[in-house]
Amino acid sequence: MRMLYGFILLVLLAAIGVFALQNRGDVTLNYLDRTLTTSLAILIGATYLLGMITGWTVLGFLRKSIHRVSQAPPRSN
């Protein structure tokens with residue numbers, strides 16, 4: 001099973017490498033009055049990383065909220 005996971009990882013890394021090599025052209029991103037020019041591969045990679053960080057943060061908040069709600073309230077005597 002470990003070799004299968006290693007093989008899948010190598011295939012994914014190869015696909016990412018081919019994508020990065022074939023998309024070396026520059027892309028211009030305009031946001032409000034700012035302009036950023038970078039390669040498409042870097043822009044997609046940065047967007048992916050920001051999405052992962054956002055997802056982990058939201059998931060952490062949800063887990064904490066569910067844990068807090070699922071705890072029994074203290075009993076008064």
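1. Buried residues make up 4% of the 77 residues in the protein, where buried means under 20% relative accessible area, exposed over 50%, and partly exposed in between, with a 1.4 Å probe and protein chains only. The model is a predicted one, in which local features need pLDDT of at least 70 and side-chain atom pairs count only at pLDDT 80 or more, while totals for chains, interfaces and linings use all residues. Residues are numbered from 1 along each chain as its sequence is written, and side-chain values use heavy atoms, with hydrogens and water left out.

2. On the overall architecture, the secondary structure comes to two helices and two strands, and the pattern along the sequence is α-β-β-α; helices (H or I, at least four residues) and strands (E, at least two) are DSSP runs, numbered from the N terminus. The radius of gyration is 21 Å, well over the 11 Å that the globule rule gives for 77 residues, so the protein is more spread out than a compact globule. That radius is taken over C-alpha atoms, and the rule is 2.2 Å times the number of residues to the power 0.38. Along its principal axes the C-alpha trace spans about 70 × 50 × 5 Å.

3. As to the surface, the protein exposes about 7500 Å², of which carbon and sulfur atoms supply 69%; accessible areas come from the Shrake-Rupley method with a 1.4 Å probe, and for residues only the protein chains shown count as cover. Met1, Leu4, Tyr5, Phe7, Ile8, Val11 and Leu12 form a nonpolar surface patch with about 770 Å² of accessible area together. Patches are made of residues with over 30% relative accessible area and no salt bridge, like charges being joined within 9 Å and nonpolar side chains (Val, Leu, Ile, Met, Phe, Trp, Tyr) within 5 Å; a salt bridge is a side-chain nitrogen of Lys or Arg within 4 Å of a carboxyl oxygen of Asp or Glu.

4. Two members of this patch can be placed in helix H1, namely isoleucine 8, for which the helix is given as residues 2-22, and phenylalanine 7. Isoleucine 8 is partly exposed, with a relative accessible area of 41%, whereas phenylalanine 7 counts as exposed at 54% relative accessibility. The C-alpha atoms of phenylalanine 7 and alanine 20 are 13 residues apart along the chain and separated by 20 Å. Arginine 2 is also in helix H1 and, at 77% relative accessibility, counts as exposed; from valine 58, which is 56 residues away in sequence, arginine 2 is 31 Å distant, C-alpha to C-alpha.

5. The strands S1 and S2 run antiparallel and are joined by six bridges, two strands being paired if DSSP finds at least two bridges between them. Valine 27 stands opposite threonine 38 in S2. Of the six residues of S1, the number buried is zero, so this strand lies largely in the open. By contrast, serine 39 in strand S2 counts as buried at 16% relative accessibility, and serine 39 touches Asn23, Arg24, Gly25 and Asp26, not counting residues up to four places away in sequence, with contact meaning heavy atoms within 4.5 Å.

6. The turn deserves a separate remark. S1 and S2 form a hairpin with two residues between them, and leucine 32 lies in that loop, between strand S1 (26-31) and strand S2 (34-39). Leucine 32 has a positive phi of about 55 degrees although it is not a glycine. Most residues other than glycine have a negative phi. At 77% relative accessibility, leucine 32 counts as exposed.
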